[in-house]
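Here is a short round of questions on how the terms used for this model are earned. Each answer sets a value against its cut-off.

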Amino acid sequence: MTDIIAMLYFWLKSAHIIFVIFWMAGLFMIPRFFVYHQESLEGSDEAAKWVEREAKLIKIILNPSIIVVWVVGLLLAWQIGSLADGWFHAKLLFVLVLSAYHGWAVGYARKLARGERKLTGKQLRLFNEVPGIGAAVIVILVVAKPF
């Protein structure tokens with residue numbers, strides 16, 4: 001198994017980066033969708049279209065991407081022997097935070113689909129900053145490996 005992963009290392013690394021990009025794109029898009037959804041009239045055709053768009057974004061981009069990111073990322077970490085490194089533990093913490101954010105977004109999409117509008121547009125716009133901050137910290141940890 002180790003030999004196979006070693007042979008495929010650059011392909012796996014490429015897949016990891018590609019799916020991180022897809023996942024991050026989805027995490028940036030979903031709160032914007034929520035803002036537009038909340039600004040539509042409750043029960044309108046437009047609101048129904050936003051429910052459909054949110055569901056497609058989650059089903060087609062967000063959920064498959066997070067699965068590939070986690071599986072391939074852990075394989076790569078195991079292959080390069082970084083599971084015990086401090087920078088990897090910090091990265092893992094931030095990936096867990098982004099994964100929790102992903103879970104929150106999926107849950108909030110379900111609430112919006114039921115007509116529950118618990119947050120304001122301003123709050124959702126602030127939530128849109130979470131993936132960017134997380135991604136910046138993760139890139140620094142992976143590239144600089146500060147500890």
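Buried means under 20% relative accessible area, and exposed means over 50%. The model is predicted.

Q: Why is Ser65 called buried?
A: Its relative accessible area is 2%. The cut-off is under 20%, so Ser65 counts as buried. Ser65 sits in helix H3, residues 45-80.

Q: What does Ser65 touch, leaving aside its neighbours within four places in sequence?
A: Ser65 is in contact with Phe19, Phe22 and Trp23.

Q: Why is Met1 called exposed?
A: Its relative accessible area is 64%. Exposed starts at over 50%, so Met1 qualifies. Met1 lies in the segment before helix H1 (2-7).

Q: What makes Met1 part of a patch on the surface?
A: Patch members need over 30% relative accessible area, and Met1 has 64%, so Met1 passes that cut-off. Its partners in this nonpolar patch are Leu74, Trp78 and Leu83. Together the four have about 420 Å² of accessible area.

Q: How do helix H2 and helix H4 cross?
A: The axes of H2 (residues 9-39) and H4 (residues 86-113) come within 11 Å and cross at roughly 35°. The crossing is left-handed. Among the residues that meet there are Trp23, Leu27 and Phe34 in H2, and Leu98, Tyr101 and Trp104 in H4.

Q: What makes up the secondary structure of the protein chain?
A: Six helices and zero strands.

Q: How much of the protein chain is buried?
A: Buried residues make up 35% of the 147 residues. The chain exposes about 8,600 Å², and carbon and sulfur atoms supply 70% of that area.

Definitions and conventions
Residues numbered from 1 in each chain as written. Predicted model: local features only at pLDDT ≥ 70, side-chain atom pairs only at ≥ 80, totals over all residues. Heavy atoms only, no water. Patch = residues over 30% accessible without salt bridge, like charges linked within 9 Å, V, L, I, M, F, W, Y side chains within 5 Å. Areas by Shrake-Rupley, 256 points an atom, 1.4 Å probe, with all protein chains shown as cover. Salt bridge = Lys/Arg side-chain N within 4 Å of Asp/Glu carboxyl O. Helix = DSSP H or I, 4+ residues; strand = E, 2+ residues; numbered from the N terminus. Buried < 20%, exposed > 50% of the residue type's maximum accessible area, 1.4 Å probe, protein only. Contact = heavy atoms within 4.5 Å. Axes fitted to C-alpha atoms, helices over the stretch in contact; angles between N-to-C directions. Left-handed = near helix turned anticlockwise from the far one by under 90°.
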